[in-house]
Amino acid sequence: MQKLIIKGRKEISGKISISGSKNATLPILAASILADQAQIKNIPLVKDIFTMIDLLNFIGLKTKLIRKKNIIEISSKGKNINTLAPYKLVKTMRAGILVLGSLLTKYKKAKVSLPGGCAIGTRPVDLHLFALKKMGAKIKIKNGYILAEAKNGLKGAKIRFPSISVGATENALLAAFKAKGKTVLTNCAIEPEIIDLIKFLNKLGAKIHLKGRSILISESKIKTSKISHEVIFDRIELGTYIIASTLLAKKNLIIDKINPKIIKSEIDVLKKIGVKIIQKKKSIIVKKGQRLKNINITTKPYPGIPTDLQAQLMVLLTQVNGVSKIKENIFENRFMHVPELRRMGAQITIKDKTAIIKGPTKLTGAEVMATDLRASVSLVLAGLIAENRTIINRIYHLDRGYEYLERKLRHCKAEIKRI
Ligand code: UD1
């Protein structure tokens, strides 16, 4: 099994370019089932994306990945379609559930494996099914599979989500595309990745309008011409590298291929901690040498602080003066990086949903275990600032979502290698 070995305390300098967003690419790939032909640019070459491509191939779409250009071309013309998403492909990547909405819209039926729980929480799909049922889908659960059918097509509905879910909003959007009449979704997730999905769907012929946390969808026809879309940048990857730069910059660090406006709340919170950031149109500069101070943070749906940045922020807060608190409001079990960070010397205690972090503490290298995607990258950050050597096991979690992590860090002179 592969491991990462990091020699800590090496200053970094230079430029980091941010990849396309994994969490935007996944629903757009699921949406491409609806298109006759689509070209999607700026896709990150990470495991979750490969799994989604495998799923599209399994369903019967024709895909051509042009790795050198981070482009995928997808065609669903003249192929035998299989409206099944099997367990083996959904179990490792929950976003597989997103093909449910597209398959129901285009083929009026779908059989999709239930994703099951995962390390960060139970992660049910009740909200996805709630929305589809409201649109007239008949749904049964049998042998671990969701069996969904809408023989006469789906129909528009007014749906208020009882709580905010990124995936359920995406699935509802995919299902509402051709639904008869109007659909109004309220209390939706409005993450930038969802806005990107809406842009893609509108290019495909949908009539979708966003107003606050409500989304209005009018019955639409799918365009048959080839459509092209460039995926937005990965705001979580950007946040991760801002934190790395803050802790390790030898000189000012440039992070490019981004749009700072989209991550306003993240930049605001980092500025409150004391990180000095200069915003340009398509890049930011993280300035060296800042005095960092403690803060209390609560993770929330967008435009709040993202749960996907919680573990990385925690590493930053081990280095600031004073006691900080992070309340994790989205997932019930998302502090699994804490015992590993403690083994590296961090002073963190957990009380209910809140982690209390005492800083500044000197971290020391250790052999640690990655438990999920964002927890893994927090251990990389900890390893980069720790004294001596850190060995990170189970890095397959990292490969699910960070494109060229070691290459990008080594390019900035960090000492990190995979064995
Ligand atoms: C997406 C992101 C993930 C991010 C999360 C929250 C992708 C591929 N993944 O995951 O990186 O951490 O948003 O920003 O985009 N819930 C229910 N019932 C449901 C669905 C969700 O109770 O049917 C709960 C979840 O257990 C969780 C909360 O709602 O507590 C938010 O989850 P959700 O927004 O759905 O996350 P995902 O779409 O799975």
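**Exercise 1.** In this predicted model, which domains supply at least three residues each to the shell around the ligand?

*Solution.* Domain 1 (4–18 + 291–418) and domain 2 (22–230) each contribute at least three residues to that shell. The shell holds 16 residues, of which Asp126, Leu127, Ser165, Asp308 and Ile330 come nearest to the ligand.

**Exercise 2.** Break the shell around the ligand down by residue class and by the elements that give two or more residues.

*Solution.* Start with class: seven residues are nonpolar, five are polar and four are charged. Next, take the polar contacts that oxygen atoms of the ligand make. A polar side-chain atom of serine 165 is 2.6 Å from a ligand oxygen. A polar backbone atom of glycine 167 lies 2.8 Å from an oxygen of the ligand. For proline 124, a backbone N or O atom is 3.2 Å from a ligand oxygen. On its own the ligand has 740 Å² of accessible area, and the protein covers 82% of this. Then assign elements: helix H1 (22–31), helix H5 (126–134) and helix H6 (166–176) are those that give two or more residues to the shell. H5 provides the largest share, three residues.

**Exercise 3.** How many disulfides does the model have, and are cysteine 188 and cysteine 412 buried or exposed?

*Solution.* A disulfide is a covalent bond between the sulfur atoms of two cysteines. With a cut-off of 2.5 Å between cysteine sulfur atoms, the count is zero. For burial, the threshold is under 20% relative accessible area. Cysteine 188 has 0% relative accessibility, so cysteine 188 counts as buried. Cysteine 412 is also at 0% and therefore counts as buried.

Definitions and conventions:
Residues numbered from 1 in each chain as written. Predicted model: local features only at pLDDT ≥ 70, side-chain atom pairs only at ≥ 80, totals over all residues. Heavy atoms only, no water. Near = heavy atom within 4 Å. Polar contact = N/O pair within 3.5 Å; in protein donor to acceptor, adjacent residues only side chain to side chain. Areas by Shrake-Rupley, 256 points an atom, 1.4 Å probe, with all protein chains shown as cover. Helix = DSSP H or I, 4+ residues; strand = E, 2+ residues; numbered from the N terminus. Nonpolar A, V, L, I, M, F, W, Y, C, P; charged D, E, K, R; others polar. Domains from an automatic or database assignment. Buried < 20%, exposed > 50% of the residue type's maximum accessible area, 1.4 Å probe, protein only.
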